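Open the model in your viewer and keep the selection panel at hand. This tour goes stop by stop.

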Protein chains: 2
Amino acid sequence: MKTATVYDVAAHSGVSIATVSRVLRRPDDVRASTRARVLASVRVLGYVPSASARSLAARRTGVIGLFFPSIDDEDDHAEAVFEQDTQVRIVVDIPDTGEVRPPNLYFDEVLRGSEREAWRHGFALMVGVGRGADPSAMVNDIAGRVDGMVVLARSVPDELLDHVSRRIPVVLIAGPRRGDDYDHVSVSNTEGMRALTEHLLDRHRVTDPVYVAGPADSPDDAERYRGFVEALEAAGLDPAGVPVLRGNFSRVQARTLAQELLASGRLPRALVCGNDQMALGLLDVFGPAGVRVPEDVIVTGFDGIEAGRLSTPRLSTVHQPMVDLGRAAMRAMLSRLEHPEQPPITSRLPVKVLLRESSEGSGIGG
Amino acid sequence: MKTATVYDVAAHSGVSIATVSRVLRRPDDVRASTRARVLASVRVLGYVPSASARSLAARRTGVIGLFFPSIDDEDDHAEAVFEQDTQVRIVVDIPDTGEVRPPNLYFDEVLRGSEREAWRHGFALMVGVGRGADPSAMVNDIAGRVDGMVVLARSVPDELLDHVSRRIPVVLIAGPRRGDDYDHVSVSNTEGMRALTEHLLDRHRVTDPVYVAGPADSPDDAERYRGFVEALEAAGLDPAGVPVLRGNFSRVQARTLAQELLASGRLPRALVCGNDQMALGLLDVFGPAGVRVPEDVIVTGFDGIEAGRLSTPRLSTVHQPMVDLGRAAMRAMLSRLEHPEQPPITSRLPVKVLLRESSEGSGIGG
DNA sequence: ATTGCGAATGTAAGCGCATACAGTGAAGGT
DNA sequence: ACCTTCACTGTATGCGCTTACATTCGCAAT
């Protein structure tokens, strides 16, 4: 059975294809009786309009693309599951502090926000996750299918971005600004970290904080570090005298840092981490080692991931509004599609400093 | 600047549009020198092929649709955030046991699995989340854009499903089988629950388990309950004599159940819950009330969500391979697209019983 | 130099729809 | 009775690409 087209519906209900099209797109332009007849045919024939044809004719697709970089490199362990013979396995699951699954909530939330905002405005969402070294094929593919594309962080090389942006508008989420040609949505990294650090300096009289940095090429981390430095300066401390531990945003690697720190024998009063994962990595080591948090050392993170809310002690951190990031990006895109000529807009979403037990002790109240 | 088309590229590089098309689709059919010339033009002109036109001409879109029901009805609280004046707010975040954000990890993971499998096979993914009462517009819209559609649980009414399935193949995830016309992927709910319950009955000599059920119309819960009953029967217990507490899968409501249970003064040896959320709700109440888990009462869940791995005590549960569910669904779809005539296939993914402290005590070892 | 033949390229016909424009008919005006 | 007007419907074109088929080219074999 071939799938039905406008022609089939038109023939079946005795009208022209133009009328069928009108019934679907602008029902009020068609007499009620005609409309009913056509809709009946649609039903009978199981007609679903081809979006390809429509997009081609209408010169717009009604789809927005969303492109993420990939963090979870768990990848190809997977085949085995499908060949399994038993339907149930029983496993005694011992506690461990490692990450069992990659905490990708970040993307998930951005996705959720975007998806919602897109549909609200009549757009569908197409998602792509960049894996491996060369996202260009995928990005190009998506770019050809959509009216606009939202790109996370630095998941796409500049050159490629320039290329696709000649066809469709591009909105960037987080990461650095690229030139000044794209709309850009991000969070107040600097302000958030500054506020958190100032809190430690002012309320807790910390005089020797140490910054636990992310990868050197992370623009987010750079912004956060800047906030840290600003707080130091505002408090009259010399940033040059404050040590920085170089991490890579990963929990595992942060454990190593913690061990080195313990081995060195000199613990600062506070460890300010560039993200939550690293902070959790420190906690993983300090707890068993008998180092009390926050009595012996204050630990703070950045991101506001769920795991930080469930850790012991719970993690003081700066919460980023991920869902809102997605929504804001989508709004920027919609605005851009409506007003193609408006100058690029940059928006910063506010963050929230969450003071919890890893800095405040159990007696809450900064 | 109009966006470039094949015609522009063809003119620019002095070939016909057919050759341009070949360079992009079947590069080997074109002489290397010509190919290079065309690619150069592509680059210069910023040409990105229109997927609409291609899909129309090729009679396939290269996109698979994925449709979820919505659980998070947090929805429209949201506007305020964008109007905020301050970039940072400082909040003393006191601990609470409630769910701060909806644990939608379920979908997230299915999505991740699907997305990955789709791209691996050269398909893009379009996602839709059904909100509100009438998903038909959205489903129809998606159906017109894709080569096949994966639908979660009972998010789409049968009638609509039948309609779109006349145009494209449909694969169902979880939920009940619909007729016998669709490919269907689910997990071993019954077997998993049976194995878990048998463990309690056999190893822990539980003789009076109580089942905490989900909503009466949940087919998943029904399957799980069946597993529970089978275990009882296998152990020679009469299922009719075993009480069932009716929950609704929510954590909040489960707390109420727990309180009623405490008020009644009669705690069974084990509470077997239809999902993790409810089990966590019970723990929320038992802990503060001084009821020890598992010493006073064993609590188990179902799903294997992250929160159950981070609770105190950690939750014994049956873990569903969500990512694999997504992948399996996508595989079923790809197989269907390749062999449209093959009879509908049903596949069940294995589950994993995770024994943790909410049933085993701290001295691990069943 | 011809012939033959595969490789490379061009020609042209849609794919299914939206939409500008033209046509039709009935109602209203004179 | 004739002209407008308006509401509705039909006709015809093209969106940008793929692909069957026709054509031409390069070059080895004759």
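Which residue in strand 4 of chain B is the bridge partner of Gly65(B)? Select Gly65(B) and look across to strand 4: the partner is Met149(B). Remember as you go that this is a predicted model.

**Stop 1: strand 1 of chain B**

Select residues 63–69 of chain B, which form strand 1. Six of the seven residues in this strand are buried. Now add residues 148–152 of chain B, strand 4. Strands 1 and 4 run parallel and are paired by four bridges.

Next, add residues 124–130 of chain B, strand 3. Strand 3 also pairs with strand 1 in the parallel sense, here over seven bridges. To find one of the bridges, pick Phe67(B); its partner in strand 3 is Gly128(B). While the strands are on screen, recall a general rule: in a regular strand, side chains alternate between the two faces of the sheet.

**Stop 2: where chain A meets chain B**

Show both chains. Chain B puts 69 residues into the contact, and chain A puts in 69 residues. On the chain B side, select helix 6, residues 136–145: it gives the largest share, seven residues. By class, the chain B side has 35 nonpolar, 18 polar and 16 charged residues.

Strands pair across the chains too. Select residues 88–92 of chain A (strand 2) and residues 351–355 of chain B (strand 13). They run parallel, joined by five bridges. Val88(A) has Val351(B) as its bridge partner.

**Stop 3: Gly144(A)**

Go to helix 6 of chain A, residues 136–145, and pick Gly144(A). Is Gly144(A) buried or exposed? It counts as buried, because it has 21 C-beta neighbours inside 10 Å; the cut-off for buried is 20 or more.

Which residues does it touch, leaving aside neighbours within four places in sequence? Select Val48(B), Pro49(B), Ser50(B) and Ala51(B): Gly144(A) is in contact with these residues of chain B. Then display Ile168(A), 24 residues away along the chain. Its C-alpha atom is 8.7 Å from that of Gly144(A).

**Stop 4: DNA strand D**

Finish on DNA strand D, which 26 residues surround. Label the closest: Ala18(A), Val6(B), Ser21(B), Ala53(B) and Ala57(B). The surface near the strand has 15 nonpolar, six polar and five charged residues.

Now colour helix 2 (17–25) and helix 4 (51–58) in chain A and in chain B. Each of these helices supplies at least two residues of that surface. Helix 2 of chain B gives the largest share, six residues.

Note on methods
Residues are numbered from 1 along each chain as its sequence is written. Chains are lettered from A and ligands numbered from 1 in the order in which they are written. This is a predicted model: local features need pLDDT of at least 70, side-chain atom pairs count only at pLDDT 80 or more; totals for chains, interfaces and linings use all residues. A residue is near a molecule or strand if its C-beta atom, placed from the backbone, lies within 6 Å of it. Ala, Val, Leu, Ile, Met, Phe, Trp, Tyr, Cys and Pro count as nonpolar, Asp, Glu, Lys and Arg as charged, and the others, Gly among them, as polar. A residue is buried if 20 or more other C-beta atoms lie within 10 Å of its own, exposed if 12 or fewer, and partly exposed in between; C-beta atoms are placed from the backbone. Two strands pair if DSSP finds at least two bridges between them. Two residues are in contact if their C-beta atoms, placed from the backbone, lie within 7 Å.
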